[in-house]
Amino acid sequence: MIIFNKLNGLKKALVILLALVLSACSAVQSQIPSRLVVPSPSGPDTFNSPLNQSAYSVFGYLYDPLIQDDPVTGELIPKSGLAEAWEISQDKQKIIITLKDGLKWSDGEPFTVDDIIFTYNDIYLNDQIPTSFKDILRVGKSRTFPTVKKLDNRRVEFVVAEPFAPFLQYVAGLTILPAHILKASITETDAQGNPKFLTTWGTDTNPQDIVGNGQYRIQSYTPYQRVILQQNPYYWRKDKQGNPQPYIQQIVWQIIESTDTQLLNFRSGSLDTLQIQPEAFPLLKPEEKRGQFTIFNAGPEMGTVFMGFNLNQGKNAQGKPFVDPIKSKWFNNKAFRQAIYYAINRDVMKNNLYLGLGELQFSPFPVQSPFYLSPEAGLKTYLYDPEKAKKLLIDAGFKYNNQGQLTDSEGNQIRFTLLASAGKKIREQMGTQINQDLAKIGIQIDLLFLNFNTLVERISSSRNWDTYLGGFLGGGVEPHGGYNIWSVHGRLHTFNQGPQPGEPEIKDWKVSDWEQEIDDLFVKASQEFDPKKRKELYGKAQQIMAEEIPFLYMVNPLVLEAIRDRVQGIKYTPLGGGFWNLYELRIAR
């Protein structure tokens, strides 16, 4: 009996001790924030959205649009963003947007129409601010901007001088910035007379000073490592029970340049999502169940991957040509560009590099767009034909020497540099294949792999390059989203980048007739509301692009994304991806 009582007492003590341990563990666990870890191949270029030129940024977490797109149809959804409603006049030249009541910035200050007026008039429409958003807001041949007028604290009126089909789409999606924080940076100037806004909110800024209106705000930034975002306590969205959203407390934006290293991190469980490179798909697909993740297929990518030529014949401030005049003569020869295209074996690229997980790309317009012109409908294509490539070159005056090297009519060997982003394995492999393919027709390529942000600066600012392997993210099914690429004055008109606001004029910069014609067709199409007529105009633009080929489009891969099963609430769509409804996702503990 005594032994039994002692054992019974010991048992009770163990139960109490276990309860205390479990309680302590539960308390510690409850203090760990729910966290989503996502990889990025490059760090942020800036925290100033209008000045951003990088494809990789955290702005989607920091800002909400006025109106959001439907993740299935791409159409605008009422009451989905900061706007409560919108009205369009019968002549389609006036839009009135009404804001939701009680909106706030992430520092707790009120968000009002004044912020919209400031963002448009002082930033987007300001000639001293070099932003690519300016290109898509210009209307008609006169390239006039809309007027933006305050009606009251919740209503703003946009007016265009002539009808502009995609206007609401762009008004709805552009980032709005806080006037109470940034207004002084517009009026104050530096020693050169430029607005201080141009150096405001760079990556050297205290991240906690960045103010947004979206689901998250920046908690910390460690260069080359990560950006950590935390819930915005003033965010407007709540669930049906009145609970604040988003539910996920922290986003860790992990900077990992190498796609191989991203794959290793995902397989080890330290990443919650991964854009799957084709070579990783056979490895990951059998691991889905055991690794507790799901691979989603969004279909063909809506962006582009291409080899671009530098057609710029201008000179820098010191009078030195951006491109060696000998090379510039080659690059500006249409037959030379076409021959290069015929010499690249894109079928091998698709099957070997992409493992068949994609299709050859012929146009910058995504195949999902109703304005896409297919080869079957008359778009010119360049399938692998090295003999045709050689004939084009010889007919254009190029020759082969005794060593089988291609030379121009003056005996200069055809040799140039191809830039590409370092760490992107498939781009590196693509560059290697292009090098090998062009060697077969006597052309020597020098490959140079650069950090992504360095590559962007070299292409867009210094303009000192020959050719590059690059890409543009998809802007959706509306073609005018690419106008900043095809406008002769566009910020992304990289193959012949003209002077931008704040830059001196470029001596001897020339715009070809075909460049201007593409620009004009985009303008006409933006003013046309009849879908059939718009399709005809964009079709003609695509035919000129395919004939002149400043960009040689490569392969359109499938978008494959792996997401951990512990991320609950995923409603994957081809347009929206896995995180369009981030505000209602949860992390299972």
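Okay, a quick definition to begin: the domain bounds I'll use come from an automatic or database domain assignment. And keep in mind that this is a predicted model.

So, which domains does the chain have? The assignment gives domain 1 (44-185), domain 2 (206-300 + 558-587) and domain 3 (304-557). Notice that domain 2 is written as two stretches, 206-300 and 558-587. If you take the C-alpha centres of domain 2 and domain 3, they lie 32 Å apart. Where those two meet, 14 residues from domain 2 and 15 residues from domain 3 take part in the contact.

Now let's go inside. The largest nonpolar core has 146 residues, and the ones touching the most other members are Met307, Phe336 and Phe416. Helix H3 (residues 113-124) gives this core its largest share, seven residues.

Let's stay with Phe336 for a second. What does Phe336 touch, if we leave out residues up to four places away in sequence? The list is Phe309, Trp330, Phe331, Leu393, Phe398, Ile414, Phe416 and Ile443. There's also a second, separate core, with 16 residues, including Val252, Phe293, Ile295 and Leu560.

Last stop, the pockets. The second largest one has a volume of about 540 Å³. It's lined by 23 residues, and Leu51, Gln53, Pro130, Ser461 and Arg491 are the closest to its centre. What classes make up that lining? You get five nonpolar, 14 polar and four charged residues. And the lining of this second largest pocket takes at least three residues from domain 1 (44-185) and at least three from domain 3 (304-557).

That's my tour, thanks!

How values were computed. Residues numbered from 1 in each chain as written. Predicted model: local features only at pLDDT ≥ 70, side-chain atom pairs only at ≥ 80, totals over all residues. Heavy atoms only, no water. Core = buried A, V, L, I, M, F, W, Y, C linked by side-chain atoms within 4.5 Å. Buried < 20%, exposed > 50% of the residue type's maximum accessible area, 1.4 Å probe, protein only. Helix = DSSP H or I, 4+ residues; strand = E, 2+ residues; numbered from the N terminus. Contact = heavy atoms within 4.5 Å. 1 Å grid on protein atoms, 1.4 Å probe; cavity = no way out; pocket = protein on both sides within 12 Å on 5 of 7 lines; lining within 4 Å. Points joined across faces, edges and corners; volume = space filled by probe spheres on them. Nonpolar A, V, L, I, M, F, W, Y, C, P; charged D, E, K, R; others polar.
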